[in-house]
Structure formats: structure tokens, C-alpha cells
Amino acid sequence: MTYAAITGWGAAMPPSVLSNADLSTFLDTTDDWIQSRTGMKERRVSHVSAIEMATIATRRALACAGLDASEVDLIIYGSCSNDEQVPNSASGVQAAIGATRAASMDVNTACTSFLYSLSTATAMVRTGVVRNAVVIGVEIISPFMDWDNRNVAVLFGDGCAAVVVQASEREEGVLAEQLGCIADARATLRVRGMGVAYANRGLVMGDTSWDFDGPEIFKRAVQGMVQASAAVMKKAGVTPDDIDLVVPHQANLRIIEAVVTKSGLPMDKVMLTVSRYGNMSAATVPVALAEALSEGRVKPGALLLMPAFGAGLTVCAHLVRWGERVTPLAVSDAAFPPCPKSALELVNDIRARKAGAHERSAAGFDAPLYSAA
Ligand code: UT7
């Protein structure tokens with residue numbers, strides 16, 4: 001029997017930090033409201049494109065696994081915030097790292113995109129279609145944010161992480177998963193105008209408008225993740241006591257607390273990043289996983305539970321058996337270029353471009369926000 005072990009991991013977090021105080025310079029909000037309703041203190045804003053973030057994370061994950069780009073058979077790019085829609089983004093990472101023999105695909109299930117991608121890669125490895133896969137969870141929300149809408153602008157951040165999945169004869173990697181979609185609630189989270197993240201090649205960055213029913217999503221997300229977590233533990237024949245670490249989607253501390261408590265688990269078994277990074281959509285689970293590893297919170301042979309939800313409303317939970325190795329084989333020198341601006345300056349730049357989108361020529365917003373890969 002072939003399994004699909006996770007053998008490499010790497011996060012790529014943009015350096016610019018946007019605090020709650022920064023947000024209250026242009027929104028009617030407070031640090032107290034944001035922290036008490038969400039658990040968030042700050043989030044990151046990227047000064048490079050999503051493909052560039054994903055390339056850094058992928059290089060780090062490949063070094064960690066001791067795998068050369070030429071050995072990669074498959075790249076799956078989990079995201080709902082692509083730099084552009086065509087060509088796909090996975091091919092941008094493929095070109096950047098020189099993985100000439102790989103197949104490349106994007107998967108968009110919003111915040112669950114990394115875990116759906118992990119399921120896809122695991123299935124392809126287990127059935128012998130590929131042996132070595134890279135699975136990326138990346139999100140660049142900042143250019144698509146409606147920065148005038150306090151209901152959503154305080155919740156999200158940019159970020160990325162990638163893992164390497166390889167064929168193994170040992171029983172490790174995803175042991176069981178539950179995937180679903182509460183499609184009758186799909187109107188609770190919709191971003192109109194999401195498309196192209198940079199203004200160039202004669203295109204302007206579009207206005208986006210967020211339809212967002214936070215309390216309804218909150219309720220459905222808790223129910224869905226509790227059910228998916230119970231289902232996945234039942235499938236694998238394990239109990240909450242057998243779980244060593246929960247690595248959940250990080251949309252709101254109160255959602256995590258509700259899911260974890262209702263699932264019969266204690267909060268000290270949870271890896272949390274929500275206060276530092278906010279909701280990075282597809283990137284939250286792999287970034288939390290990479291940080292749990294670097295903090296020594298994943299022990300050899302550990303059993304990990306990963307519940308998540310996203311627009312759709314997609315819901316899932318994964319049970320992952322970790323292997324023996326919890327340290328990188330090597331460390332990549334891939335790094336972000338220096339950022340000349342503060343996070344608030346980056347956001348104000350995006351706000352000005354969006355405000356000027358309708359009077360583009362007069363406002364002179366022709367210069368690219370990021371260089372296109
Ligand atoms: O990963 C997928 C995407 N993430 C989610 O879908 C998140 C799911 N939902 C949530 O996390 C929570 O529902 C929120 C954090 C969005 C909201 O928390 P809540 O406890 O459901 O909010 P609430 O109903 O207690 O508070 C809403 C009030 C409204 O005011 P009124 O109508 O009660 O007077 C809002 O206008 O809070 C107001 N409000 C704010 N006030 C200050 C909303 N956003 C803000 C803000 N600052 N940023």
C-alpha cells in the first residue's frame with residue numbers, strides 16, 4: 001500500500017505588518033472590537049505577487065524535503081486570489097523554480113483550497129499517478145479587499161506556505177478526510193469583481209464588493225467543522241484523546257474555540273496564528289503547520305487534526321499522521337526582496353488605485369502594482 005507522506009514544509013510570510021491601530025486610521029473600528037470579536041492583533045500585507053510568495057515557500061519546502069525541482073511531478077496551487085486567471089498560477093511557480101517535468105493545476109475552494117489540494121495530491125500519489133508533489137496554500141487578499149468595509153477589511157491578511165508530498169510505504173500523511181460543501185449558504189460570502197491583482201498590460205485593478213454575512217457564516221462554519229472533525233475521527237477509528245495537535249483554519253479565535261471545545265479537545269492542543277496573521281484564507285493551515293514544526297510542537301508520529309471552512313461554504317477536516325522527521329533536511333536561501341513601504345503605506349496605495357480606477361488616465365495608475373511573473 002502506498003501512502004502520501006508530508007516530507008517538506010516552508011512558509012513565506014510578507015514582512016509588512018498591519019496593526020489594528022493602522023486599520024483605525026481609515027476605518028471606524030477599534031483595537032478592542034477587533035481583538036474581542038476575532039482574536040486578531042495584526043496581519044501581513046504583501047509587497048510582491050502571490051506567485052512570488054508561492055515560489056519562496058515552494059523553494060523552502062523543497063529544500064526541507066531534500067528534493068530538487070527537477071524531481072517534482074505535480075504542483076497544486078490552492079488559492080482564491082490569483083494574480084491573473086489565465087494562465088493558471090501553478091504554472092508560474094513551475095516556471096520560476098524550473099520544475100520542467102511537473103504537471104501544474106490550481107484549486108479554488110476559497111479558505112479550504114490548501115486542504116482540498118492536499119486531498120488531490122494525496123489521491124494522485126496513492127494511486128501512483130505521481131510520486132512527488134508540491135501543495136501550496138497562498139492568498140493575496142490585500143488588492144481585492146474592499147478597504148472601506150469594516151465588516152471584512154479587519155479580518156484578512158496575506159501569506160503563503162507550501163508542503164512536499166511524497167510516496168511512502170509507511171502509514172503516514174493524510175489517513176482520512178471529510179470534504180463537503182454547504183452550497184445553500186453560498187451567498188453568505190461572495191466577492192464580486194475578484195480577478196487581476198496588478199494594473200498593467202492595459203488593465204486596471206478592479207473594484208471589489210464583498211457580500212458577507214459574518215454571523216451566519218460563523219454558525220454554519222462551527223456546525224460544519226464539528227461534523228467533519230467527528231466524521232474523520234470515526235473513519236480513522238480514533239478518539240479526541242488520540243489527537244496530538246489541532247491545526248485549524250484561522251478565521252476567528254471564537255470559531256476555533258467553539259469547534260475545538262465541541263469536538264472534545266482542549267485549547268492547549270491547538271496551534272494558533274490568528275492573532276498575528278488574521279485570516280489568510282488558503283494559507284492559514286499550512287502556515288500554522290510550518291510554524292508548529294519550527295516551534296517543536298509536532299512530534300515524530302504525531303496525529304494532527306485539520307478542520308477548515310471557506311466560501312461555498314466548503315467544509316472539511318483532515319487527519320494527518322506525521323512521519324519520523326520533524327526538522328528540515330536543508331534550508332533554502334529564498335527570501336523576500338526588501339519592502340520600502342510600511343503595511344499602511346501599501347494599503348493606502350491600493351486604496352488610492354481603487355479610488356482612481358474610474359479616472360485611470362487622469363490619476364496615472366498605469367504602473368504595475370507588482371511585476372507579473
Ligand atoms: O474564512 C472565511 C471568512 N471568515 C468568516 O466568514 C468569519 C465568520 N464570522 C465572524 O468571524 C464573525 O461573525 C465576525 C467577526 C465577522 C463578526 O463578529 P460577530 O460576533 O458575529 O459580530 P456581532 O454580530 O457581535 O457584531 C456586529 C456589529 C455590527 O454593529 P450593530 O449592527 O450591532 O450595531 C457591526 O456594524 O459589529 C459592528 N462591526 C464593527 N464594529 C467595529 C462590524 N465590524 C466592525 C469593526 N469594528 N471592524
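Colleague: Which residue follows α8, and what is the sign of its phi?
Modeller: Gly264 comes after α8, and its phi is positive, near 80°. The model is predicted, so local features need pLDDT of at least 70 and side-chain atom pairs count only at pLDDT 80 or more, while totals for chains, interfaces and linings use all residues. Residues are numbered from 1 along each chain as its sequence is written, and side-chain values use heavy atoms, with hydrogens and water left out.

Colleague: What makes a stretch of chain a helix or a strand?
Modeller: Both are DSSP runs, numbered from the N terminus: a helix is H or I over at least four residues, and a strand is E over at least two. In this model α8 spans 253-262.

Colleague: What makes Asn252 a cap of α8?
Modeller: A side-chain oxygen of Asn252 lies 2.8 Å from the backbone nitrogen of Arg254, at the N-terminal end of α8. A polar contact is a pair of N or O atoms within 3.5 Å; within protein, one must be able to donate a hydrogen and the other to accept it, and residues adjacent in sequence count only if both atoms are side-chain atoms. The 2.8 Å pair is within that limit.

Colleague: Which residues of α8 are called buried, and what covers them?
Modeller: Ile255, Ile256, Ala258, Val259 and Val260 are buried. The term means under 20% relative accessible area; over 50% is exposed, and values in between are partly exposed (1.4 Å probe, protein chains only). The cover over the buried residues of α8 includes α7, β11 and β12.

Colleague: How is Arg254 classed by its accessibility?
Modeller: Its relative accessibility is 30%, which lies between the two cut-offs, so Arg254 counts as partly exposed. Arg254 belongs to helix α8.

Colleague: What is Arg254 in contact with, neighbours within four places in sequence left aside?
Modeller: Its partners are Ser36, Arg37 and Phe218, where contact means heavy atoms within 4.5 Å. A polar atom of the Arg254 side chain lies 2.7 Å from the backbone oxygen of Arg37.

Colleague: What makes a residue part of the shell around the ligand?
Modeller: One of its heavy atoms must lie within 4 Å of the ligand. The shell holds 24 residues, and the closest are Thr29, Arg37, Arg150, Asn252 and Asn279. Helices α2, α6, α7 and α8 each supply at least two residues, and α7 gives the largest share, four residues.

Colleague: How do you know that polar contacts reach the ligand?
Modeller: A polar side-chain atom of Arg254 is 3.0 Å from a ligand oxygen. A ligand nitrogen is 3.4 Å from a side-chain N or O atom of Trp33, and a backbone N or O atom of Pro215 is 3.4 Å from a ligand oxygen. Taken alone the ligand exposes 970 Å², and the protein buries 72% of that.

Colleague: What makes Asp73 and Arg101 a salt bridge?
Modeller: The term needs a side-chain nitrogen of Lys or Arg within 4 Å of a carboxyl oxygen of Asp or Glu. The closest N and O atoms of Asp73 and Arg101 are 2.6 Å apart, so the pair qualifies. Asp73 is in the loop between α3 and β4 and Arg101 in the loop between α4 and β5, so the pair ties together parts 28 residues apart in sequence. By this rule the count is ten salt bridges.

Colleague: How are Arg170 and Glu172 classed by accessibility?
Modeller: Arg170 has 53%, so it is exposed, whereas Glu172 has 6%, so it is buried. Their side chains meet in a salt bridge at 2.9 Å, N to O.

Colleague: What separates Lys219 and Glu216 in helix α7?
Modeller: They are three residues apart, about one helical turn. An α-helix has 3.6 residues a turn, so residues three or four places apart point the same way. Lys219 and Glu216 form a salt bridge at 3.2 Å, N to O. Lys219, at 45%, is partly exposed, and so is Glu216, at 22%. Salt bridges that share partners join Asp184, Glu216, Lys219 and Arg220 into one network.

Colleague: Why is helix α10 called largely enclosed?
Modeller: Ten of its eleven residues are buried, so the rest of the structure largely encloses α10. Among the buried ones are Val285, Leu289 and Glu291. Just after α10, Gly296 takes a positive phi of about 75°.

Terms used:
Areas by Shrake-Rupley, 256 points an atom, 1.4 Å probe, with all protein chains shown as cover.
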